[in-house]
Amino acid sequence: MNLFREDLVNFFDDALLNKISKKCLEISTQAYQVNNGNIPKWSQAIDTIDALPKGKISLKKPYISINKDCIDSELLMDALHKLMPWRKGPFMIYGLALESEWDGDMKWQRITKHIKPLKNKHVLDIGAGNGYFTFRMAMEGAKRALGIDPFLLYNYQFRAIKSLIESPLNALLLPMKLEEIPKKPIFDTVFSMGVLYHQRDHMAHLSQLQEMMTPDAELVIETLVVEDPEDYILIPKGRYAQMRNVYSIPSIKTLKSWLNDANFNNVRVVDVSKTTTAEQRKTPWIGENRASLEDFLDPLDDSLTIEGYPAPTRAIVVCDR
Ligand SMILES: C[S@@+](CC[C@H](N)C(=O)[O-])C[C@H]1O[C@@H](n2cnc3c(N)ncnc32)[C@H](O)[C@@H]1O
């Protein structure tokens, strides 16, 4: 992935980010060298996409849209199919609607009105998926929007989208975990969306997020919660809504106490929303296993998951360092 290196060097040409560039390059290079049988297919897709003309990026809600005339749409379609499943998006690429499983715009609408403007900020997006939100952060004028996600396919998807853009945004996704990134207080806004409940040690996650924040920085946490008025933590036995590795789902009161215990200030819950099948939906872009939220809920009672737990509800919490 030569282009990844070039992209990384350009992105980290910044006085603050320079402090972590060497380690990020080292870890990401290693991650791309892993033995994964899908890499030839994914690399082929990137080669095809790299050869296509680049287009202008804009927002055509809910889509991140890339526009250019005269494109071989069959080639493009074939390359994007090789990168399935597309969980995060949606994108409109040269008129082709890439309907990801999640309509990410719905989450972004719930978040943006409650946070400080991202213009000219250094922004970190932990567990960024394929970088749909990292792109949205850059499109809001962030000086640098860095996403990290260890899942390799998502990094290929990000590369595919970025290489279709005429003048690349200040956005980058690297195949890293929060635990691996050098801890420097250099980001003005740090996002952890859909990540906390996947952590064995949620307090360690919160304190690592804090270590990346400047003294005036803002933290945006989006996570599963249970709507219980009391101190409560749901620890699913086995899967939760068919998801593996869901370790703990707090009540809102518990979530706030975790953030207070981690020494965050001015903790405010700005949104609590039940996840709907309009936001997490079945689309042709999620691949052979077409299951989505509607299959993960109790067919007789959609207030419960098929395992009998409260159906997914997500909270957005904003706080200061
Ligand atoms: C449910 S997805 C959320 C994606 C996106 N942030 C969103 O809100 O739609 C969670 C992502 O977090 C990533 N992840 C899990 N643990 C992580 C960690 N310790 N550091 C960085 N990413 C992590 C996973 O690979 C996965 O892509």
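This briefing describes the ligand site, selected helices and individual residues, and the backbone features of the structure above. The model is predicted. In it, the protein covers 86% of the 600 Å² of accessible area that the ligand has on its own. Helix α6, at residues 132–139, is largely enclosed by the rest of the structure, because 7 of its 8 residues are buried. Two peptide bonds that precede prolines are treated below: the bond joining lysine 61 and proline 62 is cis, and so is the bond from methionine 84 to proline 85.

**Ligand surroundings**

- The ligand has 19 residues around it, and those that come nearest are Lys107, Gly127, Asp149, Glu179 and Met193.
- By class, this shell consists of 10 nonpolar, 4 polar and 5 charged residues.
- Glycine 127 approaches through its backbone, with an N or O atom 2.7 Å from a nitrogen atom of the ligand.
- In the side chain of lysine 88, an N or O atom is 3.0 Å from an oxygen atom of the ligand.
- The side chain of glutamine 199 places an N or O atom 3.2 Å from a nitrogen atom of the ligand.

**Lysine 107**

- Lysine 107, one of the residues that come nearest to the ligand, belongs to helix α5, which spans residues 104–112.
- Its relative accessible area is 8%, so lysine 107 is buried, the cut-off being under 20%.
- The side chains of lysine 107 and glutamate 222 form a polar contact at 3.1 Å.
- Apart from residues up to four places away in sequence, lysine 107 touches Phe133, Met193, Glu222 and Glu279; of these, Met193 is also among the residues nearest the ligand, and Phe133 is one of the buried residues of α6.

**Helices α6 and α4**

- The buried residues of α6 are Tyr132, Phe133, Thr134, Phe135, Arg136, Met137 and Ala138.
- Glycine 141 follows α6 and has a positive phi, near 100°.
- Helix α4 covers residues 73–82, and Leu76, Ala79 and Leu80 are buried in it.
- These residues lie on the same side of α4, because they cover an arc of only 95° around the axis.
- The packing partners of the buried α4 residues are α3 (39–50), β3 (91–93) and β4 (96–98).

**Serine 251**

- Serine 251 is located in the loop between β11 (249–250) and α9 (252–261).
- With a relative accessible area of 0%, serine 251 is buried.
- A polar atom of the serine 251 side chain lies 2.6 Å from the backbone oxygen of glutamate 230.
- Residues up to four places away in sequence aside, serine 251 touches Val226, Asp228, Glu230, Asp231 and Tyr232.

**Leucine 297 and glutamine 30**

- Leucine 297 is part of strand β13, residues 297–298, and counts as buried at 12% relative accessibility.
- Outside its neighbours within four places in sequence, leucine 297 is in contact with Asp302, Leu304, Thr305, Ile306, Ala311 and Pro312.
- Between leucine 297 and isoleucine 66, the sequence separation is 231 residues and the C-alpha to C-alpha distance is 35 Å.
- Glutamine 30 is in helix α2, residues 18–32, and counts as exposed at 53% relative accessibility.
- Although glutamine 30 and methionine 176 are 146 residues apart along the chain, their C-alpha atoms are separated by 9.9 Å.

**Backbone geometry**

- Most residues other than glycine have a negative phi, and most peptide bonds are trans.
- The cis bond between lysine 61 and proline 62 has an omega of about 5°, and proline 62 is placed in the loop between β1 (56–60) and β2 (63–67).
- For the cis bond from methionine 84 to proline 85, omega is near 5°; proline 85 is in the loop between α4 and β3.
- Asparagine 245, which is not a glycine, has a positive phi of about 55°. This residue lies in the loop between β10 (233–234) and β11, and asparagine 245 is partly exposed, with a relative accessible area of 48%.
- Asparagine 266, likewise not a glycine, has a positive phi of about 55°. Its location is strand β12, residues 265–274, and asparagine 266 counts as partly exposed at 47% relative accessibility.

Definitions and conventions:
Residues are numbered from 1 along each chain as its sequence is written. This is a predicted model: local features need pLDDT of at least 70, side-chain atom pairs count only at pLDDT 80 or more; totals for chains, interfaces and linings use all residues. Side-chain values use heavy atoms; hydrogens and water are left out. Buried means under 20% relative accessible area, exposed over 50%, partly exposed in between (1.4 Å probe, protein chains only). Helices (H or I, at least four residues) and strands (E, at least two) are DSSP runs, numbered from the N terminus. A residue is near a molecule or strand if one of its heavy atoms lies within 4 Å of it. A polar contact is a pair of N or O atoms within 3.5 Å; within protein, one must be able to donate a hydrogen and the other to accept it, and residues adjacent in sequence count only if both atoms are side-chain atoms. Accessible areas come from the Shrake-Rupley method with a 1.4 Å probe; for residues, only the protein chains shown count as cover. Ala, Val, Leu, Ile, Met, Phe, Trp, Tyr, Cys and Pro count as nonpolar, Asp, Glu, Lys and Arg as charged, and the others, Gly among them, as polar. The arc is that of the directions from the helix axis to the C-beta atoms. Contact means heavy atoms within 4.5 Å.
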